[in-house]
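Hi everyone, thanks for making time. I'd like to walk you through a structure that is probably new to most of you, so let's get it up on the screen.

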Amino acid sequence: MKHKAIAACLALLLAPLTACGGSARAGDGSTVTVTIGYQSKTINTVTAGTLLRSLGYFEKQLNSLGDGKTYKVDWQDYATGAPITAQMTAGKIDIGSMGDFPLLINAARGKQLGKPTHLVSVTGYNLRGGLNTIVTAPDSKLASLADLKGKKVSTSIGSAADGTLVRALQRAGIDPDQGIEKLNQQPAVGASALSAGSTDALSQFVAWPGLLAYQGKAKALYDGAQLNLPTFHGVTAREDFAKERPAVLEAFLKAQAEATDYLDEHPVAAAEKVARATGLPAEVVYLYNGAHGISTFDPAIKPQLVSALKEDVSVLKSAKLTGDVDVDAFVDDQYVKKALGADYAKRLATAPPASASEVWPKGASKTRAFSTPAELLAYVAEHKSGIRAAYVPDATTGTLWFADKALWVSDGKELLPFVTPATAQAYVGEHEGARVVPYAAALEQAS
């Protein structure tokens with residue numbers, strides 16, 4: 001009887017906590033709090049996170065619902081997708097954004113715990129896989145993936161960057177479990193480890209590789225686009241939340257589409273907004289989110305991205321991070337289709353913009369595009385003191401990179417940029433007379 005009494009008391013004490021634990025709950029019947037989990041520094045999720053928050057579009061959409069409710073949005077910022085999934089399965093986050101591999105873990109955990117979630121839209125994507133990059137220290141002697149054998153490599157296990165590392169090593173004939181010493185670290189910790197020399201390489205997702213390269217703290221060893229496999233980030237929502245408040249979810253997706261349009265129409269201004277909110281250099285944000293950036297933004301759930309998600313399951317299973325995942329059951333595009341209406345089909349058919357070289361002049365609110373990297377170099381050579389940033393697409397993968405961090409190859413009159421030494425050397429090996437030249441020499445040749 002004593003135990004029963006204690007249990008009853010505990011139940012009474014816990015009851016109000018449980019009632020407050022879930023988000024999107026009406027406090028007095030008229031106020032609803034919607035909790036959004038996002039990753040501010042994972043900048044190819046900005047249309048569902050950092051940029052969307054700064055623009056206030058979601059709050060405006062909620063205010064226009066006209067259902068007599070007062071809505072409050074609780075924005076919760078995380079470094080990776082794992083804690084967002086933990087909070088979602090606990091009923092404390094309603095809508096979250098994360099990468100493709102974390103999305104699958106989100107699906108698996110939700111099903112396992114009886115708290116199913118669904119992929120409801122896409123944020124940023126790259127159809128070749130260029131969002132993830134393996135980098136080394138600036139003075140590293142490592143020149144290719146083969147050189148990683150027996151080395152220490154930092155990554156975040158279960159992340160999209162880890163998936164790139166695993167696949168890249170397998171293609172290079174290196175066992176991803178036994179062939180390297182893998183360090184499971186948060187991106188910031190891995191970046192510090194690389195600088196300290198306690199790891200030989202770092203495999204991470206946007207924006208860490210570009211940031212470290214921009215800061216002169218790393219150089220690219222492997223461009224994820226060499227895999228030629230799509231990678232993306234997306235928006236996931238709790239099934240119970242979506243069913244209980246479909247209008248709220250649709251409002252979020254309408255707001256996401258508005259933020260996407262803003263980014264497309266005002267890429268420099270969007271980069272500046274994200275930079276102010278995150279502390280990242282705007283030049284790095286633009287590398288990924290610019291007019292011809294590594295990431296393309298579109299809320300439509302494209303079939304090739306769903307196919308890529310299915311291919312990702314085997315990588316997570318082999319790492320014993322998930323079992324089977326029913327991707328078709330996880331993907332639910334009904335809400336984004338309803339939110340975007342006739343515009344959805346047009347977005348679904350939209351292809352990423354063609355690669356282009358760009359210069360961001362100092363003090364300018366727009367960038368200048370050039371038809372060839374050599375034309376960009378000629379402009380930079382004439383305006384050295386007036387350049388804020390210059391970007392060029394890899395000659396083989398199309399991945400945008402900083403012009404002064406790229407590997408340049410002179411092939412007759414042509415000047416070709418590459419993200420990594422291996423791809424530059426591969427081109428040289430196939431083209432007689434081609435040679436790798438320093439950036440300064442490339443500038444001089446173009447001028």
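I'll start with the whole chain, then go through the strands, and finish with a handful of single residues.

One thing up front: what you're looking at is a predicted model.

Okay, the big picture. We have one protein chain with 19 helices and 18 strands. Along its principal axes, the C-alpha trace spans about 85 × 50 × 35 Å. How does the radius of gyration sit against what a compact globule would have? For 447 residues you'd look for something near 22 Å, and this chain has 23 Å, so the two agree.

Now, inside versus outside. Of those 447 residues, 55% count as buried. The accessible surface comes to about 18700 Å², and carbon and sulfur atoms account for 52% of that. On the charge side, there are 44 positive and 44 negative side chains, and the centres of the two sets lie 6 Å apart.

And how do the contacts run along the chain? If you take contacts between residues at least 6 apart in sequence, 74% of them join residues at least 24 apart.

Right, on to the strands. There's an open sheet of six strands, and the order across it is E2-E1-E3-E10-E4-E11, with mixed pairing. Which strands stand at the edges? Those are E2, residues 70–77, and E11, residues 296–297; each has a single partner strand, so one side of each is left without a neighbour in the sheet.

Further in, have a look at E4, residues 117–126, and E10, residues 231–238: they run antiparallel and are joined by seven bridges. If you want a landmark for that pair, find Asn-126, whose bridge partner in E10 is Thr-231.

Let's move to strand E5, residues 132–136. All five of its five residues are buried. A bit of background here: in a regular strand the side chains alternate between the two faces of the sheet. In E5, Asn-132, Ile-134 and Thr-136 point one way, while Thr-133 and Val-135 point the other.

Who does E5 pair with? One partner is E8, residues 201–205, antiparallel, with five bridges. Another is E9, residues 219–223, also in the antiparallel sense, over four bridges. Val-135 is a good residue to click on here: its bridge partner in E8 is Leu-202, and its bridge partner in E9 is Ala-220.

Now for some single residues. Let's begin with Val-46, in the loop between strand E1 and helix H2. Is Val-46 buried or exposed? With a relative accessibility of 0%, Val-46 counts as buried. Leaving out residues up to four places away in sequence, Val-46 touches Leu-51, Leu-52, Leu-263, Val-274, Asn-289 and Phe-297. For a sense of distance, Pro-373 is 327 residues from Val-46 along the chain, and their C-alpha atoms are separated by 28 Å.

Compare that with Glu-258, over in helix H10, residues 246–265. Leu-55 is 203 residues away from Glu-258 in sequence, yet C-alpha to C-alpha they are 9.5 Å apart. Setting aside neighbours within four places in sequence, Glu-258 is in contact with Tyr-57 and Gln-61. At 33% relative accessibility, Glu-258 counts as partly exposed.

Next is Gln-185, in the loop between strand E7 and helix H7. Why does Gln-185 count as buried? Its relative accessibility is 19%, and the cut-off for buried is under 20%, so Gln-185 falls on the buried side. Beyond residues up to four places away in sequence, Gln-185 touches several others, including Ser-154, Thr-155 and Gln-204.

Last, some backbone details. The peptide bond from Val-206 to Ala-207 is cis, with omega near 10°. Ala-207 is in the loop between E8 and helix H8, and E8 is that partner of E5 from earlier.

Then there are two residues other than glycine with a positive phi. Asn-228 has phi near 55° and is in the loop between E9 and E10. Lys-320 has phi near 60° and is found in the loop between helices H13 and H14. As for accessibility, Asn-228 is partly exposed at 43%, whereas Lys-320 counts as exposed at 74%.

That's my tour, so over to you for questions.

Technical notes
Residues are numbered from 1 along each chain as its sequence is written. This is a predicted model: local features need pLDDT of at least 70, side-chain atom pairs count only at pLDDT 80 or more; totals for chains, interfaces and linings use all residues. Side-chain values use heavy atoms; hydrogens and water are left out. The radius of gyration is taken over C-alpha atoms; the globule rule is 2.2 Å times the number of residues to the power 0.38. Buried means under 20% relative accessible area, exposed over 50%, partly exposed in between (1.4 Å probe, protein chains only). Contact means heavy atoms within 4.5 Å. Accessible areas come from the Shrake-Rupley method with a 1.4 Å probe; for residues, only the protein chains shown count as cover. Lys and Arg count as positive and Asp and Glu as negative; His and the chain ends are not counted. The place of a charge is taken as NZ of Lys, CZ of Arg, CG of Asp or CD of Glu. Two strands pair if DSSP finds at least two bridges between them.
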